[in-house]
Amino acid sequence: MSGEQSSAPEPGRTTAEGGPAIRRLAEWNADRLHELAADHGTPLYVTDLDRVAENCARLRGAFPDADVKYAVKAHTGRAVLESVRESGLGAECASAGEVRRALDAGFPGDRVDYTAVNPPARDLDSVVEWWEEHPELTITVGARDTLDRLAERGYDGRVCVRVNPGVGAGHHEKVRTGAAPKFGVPYDRAPEVVDDARDRFDVVGLHAHAGSGIHGEEDLAAHRDLVARMGELAREVGDGQLEFVDVGGGFSVPYCEDDPALDLNAVADTTREALGDVDATLAVEPGRYVVADAGVLLTRVNTVKPTPETTVAGVDAGMTDLLRPAMYDAYHAIRNLDASEGSAEGPVTVAGPICETGDTFCDGRDLSIPERGDLLAVGNAGAYGYEMASTYNSRPRPAEVSLAGDVLRERETLAGVTRLERGGGGE
Ligand SMILES: Cc1ncc(COP(=O)(O)O)c(C=O)c1O
Ligand SMILES: N[C@@H](CCCC[NH3+])C(=O)O
């Protein structure tokens with residue numbers, strides 16, 4: 001890819017409107033990314049908070065009558081959560097920790113949903129404790145056992161019943177939750193679970209989620225089937241008695257440079273149509289769509305090794321910083337921010353410092369051949385990027401800055417990595 005000047009807006013701008021449906025990697029301003037890498041080092045996550053707000057605005061525009069909740073797991077950073085809250089979205093949380101983050105970021109209790117999947121006792125204890133102060137929060141429950149465990153703790157608040165719709169979709173089998181028995185009560189048993197829950201709790205909603213990375217006809221058809229099934233169920237279990245029917249998130253962005261962006265308005269129209277006539281608010285809970293194209297990962301080339309098949313560009317980021325390629329064979333666009341017009345192109349393998357073959361961001365991809373010291377940007381790193389980072393190989397986690405230059409997450413130190421072990425935490 002070329003290092004051309006981009007048409008990206010300058011840092012600090014604010015936009016009320018939704019902006020274009022995808023921000024491609026080529027549109028990030030190369031000079032600005034160079035400055036940030038020079039100031040903060042690499043590997044470095046850069047997050048454009050204005051872009052987060054634009055994505056939220058586009059979602060609200062496409063689903064004007066729906067309750068749009070942000071799936072916090074995609075990016076839990078405080079600044080992102082504040083931007084999402086200011087944009088009017090709610091918070092869908094996957095753990096007590098995420099609930100705490102949402103409350104701390106200022107989401108009012110009635111905009112916080114906790115989706116409890118096989119919830120550890122500690123999580124239930126914490127959320128029930130916080131419920132005392134935030135009685136409007138909602139707990140989404142996918143098993144009768146979870147209802148019992150909530151009742152044992154004295155909880156009698158708002159409950160949403162998660163249903164397994166038997167319909168999965170998404171970019172990889174590991175993220176197609178909709179058909180996996182782990183998630184939700186079986187569709188046919190949902191009415192009896194709702195009845196049981198009504199005896200003990202304030203049942204306010206139904207929930208289902210097909211999976212993550214919905215893109216393309218097949219996935220969209222699965223999403224439509226899921227929504228239609230949820231519409232049927234909502235009519236069966238008592239129209240008018242539910243506040244909302246949550247049909248999940250999963251809306252994707254194109255990861256390959258040439259793929260078209262999702263037509264969100266069309267998806268929203270299809271969703272409404274498939275739900276049919278239901279006397280309850282439609283709710284959706286996208287994560288990736290809000291943050292994916294708002295983030296890039298910057299990494300510096302430290303080793304260039306020609307081989308007969310490919311040029312290996314060794315970089316200072318690895319699967320510990322961005323796990324998606326190793327875990328899902330996920331494609332992320334890569335741009336050499338130092339490439340010039342005449343740079344030679346060829347098959348390039350971008351690989352990190354971790355002792356695993358899977359620690360490879362791309363293998364034999366046609367890119368401008370890097371030189372040692374070049375800065376590479378990895379696109380769509382805003383969703384499930386930093387969140388899935390680890391300290392494997394005793395690698396401190398990377399830093400994160402906003403495009404405007406504020407430090408959002410400090411770079412972890414080696415002392416930080418060892419701080420929890422006996423004798424650890426030294427310099
Ligand atoms: C229950 C639930 N809701 C929402 C999401 C958000 O998915 P995505 O980030 O793909 O929109 C997920 C992740 O797949 C999920 O498991
Ligand atoms: N972590 C996944 C998405 C899973 C969402 C959680 N249900 C990814 O990076 O694509």
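Okay, a definition to start: a polar contact here is a pair of N or O atoms within 3.5 Å. Keep that cut-off in your head, because we'll lean on it right away. And please remember that what's on the screen is a predicted model.

So, ligand 2. Take His171: an N or O atom in its side chain is 2.7 Å from an oxygen atom of ligand 2. That falls within 3.5 Å, so it goes down as a polar contact. Two arginines do something like this as well. Arg288 has a side-chain N or O atom 2.6 Å from an oxygen of the ligand, and for Arg324 the distance from a polar side-chain atom to a ligand 2 oxygen is 2.6 Å. How much of ligand 2 does the protein cover? On its own the ligand has 310 Å² of accessible area, and 85% of that is covered.

Who else is around? Besides those three, the residues surrounding ligand 2 include Lys73, Val175, Ser212 and Tyr328, and also Tyr384 and Met388. Sort the shell by class and you get four nonpolar, two polar and three charged residues.

Now over to ligand 1. It has 15 residues around it, and the ones that come nearest are His209, Ser212, Glu285, Arg288 and Tyr384. Let's look at some distances. The side chain of Ser212 puts an N or O atom 2.5 Å from an oxygen of ligand 1. Tyr384 also has a side-chain N or O atom 2.5 Å from a ligand 1 oxygen, and for His209 a polar side-chain atom sits 2.8 Å from one. As for cover, the protein takes up 93% of the 390 Å² of accessible area that ligand 1 has on its own. Its shell splits into three nonpolar, seven polar and five charged residues.

Where do the two ligands sit? Ligand 2 is in the largest pocket, and ligand 1 is in the largest pocket too. You may have caught some names coming up for both: Ser212, Arg288 and Tyr384 are around ligand 2 and are also listed among the nearest to ligand 1.

Last bit, the domains. The assignment for the protein chain gives domain 1, which is 25–46 + 292–418, and domain 2, which is 52–290. Their centres, taken over C-alpha atoms, are 32 Å apart. In the contact there are 17 residues from domain 1 and 21 from domain 2. And which domains supply the shell around ligand 2? Domain 1 and domain 2 each give at least three residues.

Note on methods: Residues numbered from 1 in each chain as written. Chains lettered and ligands numbered in written order. Predicted model: local features only at pLDDT ≥ 70, side-chain atom pairs only at ≥ 80, totals over all residues. Heavy atoms only, no water. Near = heavy atom within 4 Å. Polar contact = N/O pair within 3.5 Å; in protein donor to acceptor, adjacent residues only side chain to side chain. Areas by Shrake-Rupley, 256 points an atom, 1.4 Å probe, with all protein chains shown as cover. 1 Å grid on protein atoms, 1.4 Å probe; cavity = no way out; pocket = protein on both sides within 12 Å on 5 of 7 lines; lining within 4 Å. Sits in = over half its atoms within 2 Å of the grid points. Nonpolar A, V, L, I, M, F, W, Y, C, P; charged D, E, K, R; others polar. Domains from an automatic or database assignment. Contact = heavy atoms within 4.5 Å.
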